[in-house]
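Welcome! Here are some exercises to help you find your way around a new structure, each followed by a solution in steps.

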Amino acid sequence: MPRFVVLLRGVNVGKGNRLPMAAFKQLLESLGCTQVRTLLNSGNAVVTAPVRSTAKFAQTIADAVSEQLGVSTPVIVKSAAEVDRIVSKSPMAPAEAAHSRCLVIFAQAPEALRLLDDLQPLAVLPERLVVTGDAGYLECPAGLLESKVAPALLGKAGRALTTRNWATVLKLRALLDAG
C-alpha cells in the first residue's frame with residue numbers, strides 16, 4: 001500500500017492553530033490511514049493509505065481537521081516518490097550544521113509554486129530561492145530571522161504553501177523508508 005507525507009500549514013506555531021498530534025493521529029486513523037507516525041509537534045505525519053489522488057486526500061484531511069478538531073489550515077499530501085524526488089533533485093546540499101537554515105517549500109499543486117516567482121527579488125545573496133516543478137528551496141545562510149523571503153512566505157504568496165527545514169524533510173523521508 002502506498003505511503004504519504006501529510007503536512008499541515010501553520011499549526012502549533014505561537015498561540016494560534018493549536019492541534020495535539022495525538023488527536024491528529026487519531027483523525028488520520030479514522031480516515032482509514034494505517035502505520036500513522038507523527039513527527040515533531042508541527043503537523044507532520046507519515047501514513048499508509050489507499051489513495052489515488054493526493055489532492056482529494058489533502059482536501060479530505062483539511063475538511064476533517066476543520067470539522068473535528070476546529071482548526072482551519074491548508075493540508076499538503078506528498079507521495080513517497082514525490083518526497084524522494086524533492087530530496088534527490090534538491091538544488092541545495094546543505095551541510096548538517098546548516099539544515100535548520102535551509103527550507104523546502106511544499107505546495108499541493110505545482111502551479112502554486114509559481115507564486116514564489118514574486119519573492120525572487122527579495123532573495124539577496126547569500127540568500128537563495130530556487131523553485132523547481134516539485135518544490136521551492138530557500139537557503140538562508142545568515143539564519144531565518146535575517147531572511148527577507150521567509151517572512152514573505154507568511155503572506156499572500158505563502159497561503160497555499162508550507163515549509164519544513166531540511167532536517168525535518170530528511171526525517172520524514174526516513175519514516176517513509178522505514179514504513
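**Exercise 1. Find the strand that β1 joins through 5 bridges, and say how the two run.**

Solution. Start at strand β1, residues 3–8: 5 bridges join it to β4, and the two run antiparallel. One of the bridge partners to look up is that of Val 5, which is Lys 78 in β4. Strands and helices here are DSSP runs numbered from the N terminus (helices H or I, at least four residues; strands E, at least two). Two strands pair if DSSP finds at least two bridges between them.

Before going on, note that this is a predicted model: local features need pLDDT of at least 70, side-chain atom pairs count only at pLDDT 80 or more, and totals for chains, interfaces and linings use all residues. Residues are numbered from 1 along each chain as its sequence is written, and side-chain values use heavy atoms, leaving out hydrogens and water.

**Exercise 2. Work out the strand order of the open sheet, then its edge strands.**

Solution. The order of the 4 strands is β2-β3-β1-β4, with antiparallel pairing. At the edges are β2 (34–39) and β4 (75–79), each pairing on one side only.

**Exercise 3. Which buried residues does helix α3 have, and what covers them?**

Solution. Step one: in α3 (residues 80–88), Val 83, Ile 86 and Val 87 are buried (under 20% relative accessible area; exposed is over 50%, partly exposed in between, with a 1.4 Å probe and protein chains only). Step two: these residues lie on the same side of α3, because they cover an arc of only 95° around the axis, taken from the directions from the helix axis to the C-beta atoms. Step three: their cover includes β1, β4, β5 (102–107), β7 (136–139) and α5, where contact means heavy atoms within 4.5 Å.

**Exercise 4. How many salt bridges are there, and which residue does Asp 84 pair with?**

Solution. Use this rule: a side-chain nitrogen of Lys or Arg lies within 4 Å of a carboxyl oxygen of Asp or Glu. The count comes to 3 salt bridges.

- Asp 84 pairs with Arg 173, their closest N and O atoms being 2.9 Å apart. This pair links helix α3 to helix α5, 89 residues apart.
- Asp 134 pairs with Arg 85 at 3.1 Å between the closest N and O atoms. Asp 134 sits in the loop between β6 (128–131) and β7, and Arg 85 in helix α3.
- Glu 139 pairs with Arg 128, with closest N and O atoms 3.0 Å apart. Glu 139 lies in β7 and Arg 128 in β6, so the pair ties together parts 11 residues apart in sequence.
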